[in-house]
Amino acid sequence: MAKCDICGKGVSFGIKISHSHKRTNRILKPNVKRVKIVRNGTPCHVHACTRCLRSGKVTRAN
């Protein structure tokens, strides 16, 4: 579910390093919201990241 339908941004993986320098895997999820947008003149619900919403890549429907 953590994938943007507009730009395709999805889950990425990294390594968490503690104070004692133990290394464990971590998951970085994008901030994805379910919003109602206008696509091809019709309103529909999509999952969009907040970066796309803020930059104006989508037009919100009322």
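In this predicted model, His21 sits in the loop that links strand 1 (12–17) to strand 2. The backbone of His21 is worth a look: its phi is positive, at about 70 degrees, although the residue is not a glycine. His21 is also exposed, with a relative accessible area of 55%.

A counterpart is found at Asn40, in the loop between strand 3 and strand 4. Here too phi is positive in a residue other than glycine, with a value near 55 degrees. Asn40 counts as exposed, at 77% relative accessibility. His21 and Asn40 are 19 residues apart along the chain, and their C-alpha atoms are separated by 51 Å.

Strand 2 itself, which spans residues 23–28, contains Ile27. Together with Val11 and Phe13, Ile27 forms a nonpolar patch on the surface. The accessible area of these three residues adds up to about 320 Å².

Turning to the interior, nonpolar side chains in soluble globular proteins tend to be buried together. The largest nonpolar core in this model is made of five residues, namely Val35, Ile37, Val46, Ala48 and Val58. At least two residues of this core come from strand 3 (32–39), and at least two from strand 4 (42–49). Val58 is a handy member to follow in the viewer: leaving aside residues up to four places away in sequence, Val58 touches Ile6, Ile37, Cys52 and Leu53. Of these partners, Ile37 belongs to the five-residue core as well.

The cysteines round off the picture. A disulfide is a covalent bond between the sulfur atoms of two cysteines, and the structure holds zero of them. Why does Cys4 have no such bond? The closest cysteine sulfur, in Cys7, is 3.7 Å from the sulfur of Cys4, which is too far for a bond, because a disulfide calls for sulfur atoms within 2.5 Å. Cys4 is buried, with a relative accessible area of 2%. The case of Cys49 runs along similar lines: its sulfur lies 3.5 Å from the closest cysteine sulfur, that of Cys52, and so is too far away for a bond. Cys49 is likewise buried, with a relative accessible area of 1%. Cys52, the residue that holds this closest sulfur, is also among the contacts of Val58.

Conventions. Residues numbered from 1 in each chain as written. Predicted model: local features only at pLDDT ≥ 70, side-chain atom pairs only at ≥ 80, totals over all residues. Heavy atoms only, no water. Patch = residues over 30% accessible without salt bridge, like charges linked within 9 Å, V, L, I, M, F, W, Y side chains within 5 Å. Areas by Shrake-Rupley, 256 points an atom, 1.4 Å probe, with all protein chains shown as cover. Salt bridge = Lys/Arg side-chain N within 4 Å of Asp/Glu carboxyl O. Helix = DSSP H or I, 4+ residues; strand = E, 2+ residues; numbered from the N terminus. Buried < 20%, exposed > 50% of the residue type's maximum accessible area, 1.4 Å probe, protein only. Core = buried A, V, L, I, M, F, W, Y, C linked by side-chain atoms within 4.5 Å. Contact = heavy atoms within 4.5 Å.
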